[in-house]
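Dear colleague,

I am handing over the structure that we spoke about, and below it you will find an account of what was found. Please read the two side by side.

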Amino acid sequence: MDFELKTLTPARICAEKCDALIVLVAGETGAGTDAVSKMVTLALKAGDFENKAGKLLSAYRPEGVAATRVLLAGAGDGSAKSIRTAVHAAMVALKNTNARRVLLSLCALPQAGQETVRAAVLACADATYLYSTTKSKPVEQKLKQVLVAVASLPGSRAGFDKGVGLAKGLALAKEWANRPANHATPTMLAQAARDLGKLPGIKVEVLGPKEVAKLGMGSFMAVAQGSEEPLRFIVLRYDGGAKAEAPVVLIGKGITFDTGGISIKPAAEMDEMKYDMGGAASVLGTFRALAELQPALNVVGLIPACENMPDGRAIKPGDVVTSMSGQTIEILNTDAEGRLVLCDALTYAERLKPRAVVDIATLTGACVIALGGVRSGMFSSDDALAQALAAAGDSSLDLCWRMPLDDEYADGLKTHFADVANVAGRAGGAITAAKFLQRFAGKFPWAHLDIAGTAWKSGAAKGATGRPVPLLVDFLLSQVQPARAPAKTRTPKAGARSRA
Ligand code: BES
Ligand code: MN
Ligand code: ZN
């Protein structure tokens, strides 16, 4: 789908030929004399329309308007959140129409700033996303073009560009998360990463079983050993900053299918464990967005990818393995595999001398119980990092909630037979999982996002959400340091940070 941004006057909006005109209505509306403004005033006065977020009123070929359909969409207080609700409702209403070209007018909003324009673009892309990879006939996207109209460009342009870049990242994350496990094996995920390596600023390296063994990733290898699919350790680099600048590292859990292993899961809804690479998908999506947005910083993405299967060669409850850090782990439950692949990736991250490391994982059912599908669980040993992530969640409308890491929560991980066990009791399961990871993250500022509740939706609306790509992208953009005076001898490339 194509997005375009334009400044349009009320008269031009009425005269613009399109299949549907969506008019966002928020706050006080002025007494415009054009056909659309009159319609809004009349409908509000008659009580047939309310500007509450999500309320709609539609008209077909109204007088004085060139658009075939007009949808008035209440946008409440005009906040980014209300705009998201409004655009989503309007796009859903258009789903079963033949609309190919839509004009989305933000002109009547009290302020169309960065965050509101971005929210509108993202909501458009989100509401019209279609999965079609494993259908025999491609699912047709009728909507081809969205023209976003604003009253003035300054302030809107940056938000629009961010929204378009983010939409591409979000779509890629959804695509890979939605693919069934036989269409998203570790090898295929690595190929998806390699394809990203063709984009500007991105380099990709993929390690296989031999290289991973050489690194001593005994914990990651232990999870992979029950599967016929060979593991992959994917390393993505986005170099937008100065060479010497320490990178931010993102680690995505890439379990392409989680049966639970010998501690096998019940059959009901086990298909949803194809989403257990949601963390990995969010890292791929974030890199896709980085390639679009070209911020001036360095980012490394690490994806330990494998299947968790029961097999004659699979790990058994009670097995003890040696992680890359040298710490031994007693695997009391083979279904607590995410932390086993992440811990070796965390140790690998040390060699990158990172500024910060954030891991993203569909880690625990307990996090779903704690926070549901509204907020991702956020754990951090570093207050500044925690604050930056929380702020990024708020600004991108991709919320998270900080959870505790008191040392007492690690008591249940003690065992007589290794340095640490991979599970504690049922109580505080999301936190004990984070405490396990924290043992491997002592050498850098670290945060962990448990996205088990937010990465996908179940039931009738089953599908990947693409979360937390918006949070991660806003977090990374917040890590770009303000430009200093450029050095005399170097001309920085456009948008890149210059260093004296
Ligand atoms: N991938 C699951 C977590 C999960 C479960 C996410 C359900 C979303 C929905 C993870 O590997 C897992 O199985 N965790 C166990 C840990 C337990 C054995 C300590 C869990 O949450 O039950
Ligand atoms: Mn599991
Ligand atoms: Zn899992």
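**What was found, starting from R355**

R355 is partly exposed, because its relative accessible area is 22%, where buried means under 20%, exposed over 50% and partly exposed in between, computed with a 1.4 Å probe on the protein chains only. The model is a predicted one, in which local features need a pLDDT of at least 70 and side-chain atom pairs count only at pLDDT 80 or more, while totals for chains, interfaces and linings use all residues. Residues are numbered from 1 along each chain as its sequence is written, chains are lettered from A and ligands numbered from 1 in the order in which they are written, and side-chain values use heavy atoms, with hydrogens and water left out.

R355 sits in the loop between helix 10 and strand 14 (356-361); helices (H or I, at least four residues) and strands (E, at least two) are DSSP runs, numbered from the N terminus. Leaving aside residues up to four places away in sequence, R355 touches E245, A246, P247, V248, P445, Q479 and Q481, with contact meaning heavy atoms within 4.5 Å. Its C-alpha atom is separated by 9.1 Å from that of W446, although the two residues are 91 apart along the chain.

**Helix 10**

The helix before that loop is mostly covered, since 12 of its 12 residues are buried, among them G338, R339 and Y348. The 12 residues of helix 10 should span 16 Å at 1.5 Å a residue, and this agrees with its end C-alpha atoms, which are 16 Å apart; the expected span is 1.5 Å times one less than the number of residues.

**The two metal ions**

Which residues hold the manganese ion (ligand 2)? Its protein donors are D258 (OD), D335 (O), D335 (OD) and E337 (OE), at 2.1 to 2.2 Å from the ion, where donors are N, O and S atoms within 2.8 Å of the metal (3.2 Å for Na, K and Ca), and sites may look incomplete because water is not among the atoms. Along the chain these donors follow the spacing D-x76-D-x1-E. D258 lies in strand 10 (residues 254-258) and E337 in the loop between strand 13 (328-331) and helix 10 (338-349), so this pair ties together parts that are 79 residues apart in sequence.

The zinc ion (ligand 3) is coordinated by K253 (NZ), D258 (OD), D276 (OD) and E337 (OE), at 2.0 to 2.4 Å, and its donors follow the spacing K-x4-D-x17-D-x60-E. The two ions are 3.2 Å apart, and D258 coordinates both.

What arrangement do the donor atoms make around the manganese ion (ligand 2)? The 6 donor atoms subtend angles of 71 to 168°, which makes the arrangement irregular, whereas the zinc ion (ligand 3), with angles of 78 to 176° among its 6 donor atoms, has an octahedral site. Four donors count as tetrahedral if all angles lie between 85 and 135 degrees; four count as square planar and six as octahedral if opposite donors are over 155 degrees apart and all others between 65 and 115; anything else is irregular.

Both D258 and E337 are buried, with a relative accessible area of 3% for D258, and K253 also counts as buried, at 1% relative accessibility.

**The sheet of 3 strands**

Strand 13 belongs to an open sheet of 3 strands in the order 12-13-17, with mixed pairing, where two strands pair if DSSP finds at least two bridges between them. Strand 12 and strand 17 stand at the edges with a single partner strand each, so one side of each is left without a neighbour in the sheet.

Strand 12 (residues 319-322) runs antiparallel to strand 13, and 4 bridges join them; here V321 stands opposite I329, and T322 opposite T328. The hairpin of these two strands has 5 residues between the strands, and in it G326 takes a positive phi near 95°. Strand 13 pairs with strand 17 (residues 420-421) in the parallel sense over 2 bridges, with E330 opposite A421.

**The sheet of 6 strands**

Another open sheet has 6 strands in the order 1-6-5-2-4-3, again with mixed pairing. In it, strand 5 (residues 101-105) and strand 6 (residues 145-150) run parallel and are joined by 5 bridges, and the bridge partner of L104 in strand 6 is V148.

With kind regards
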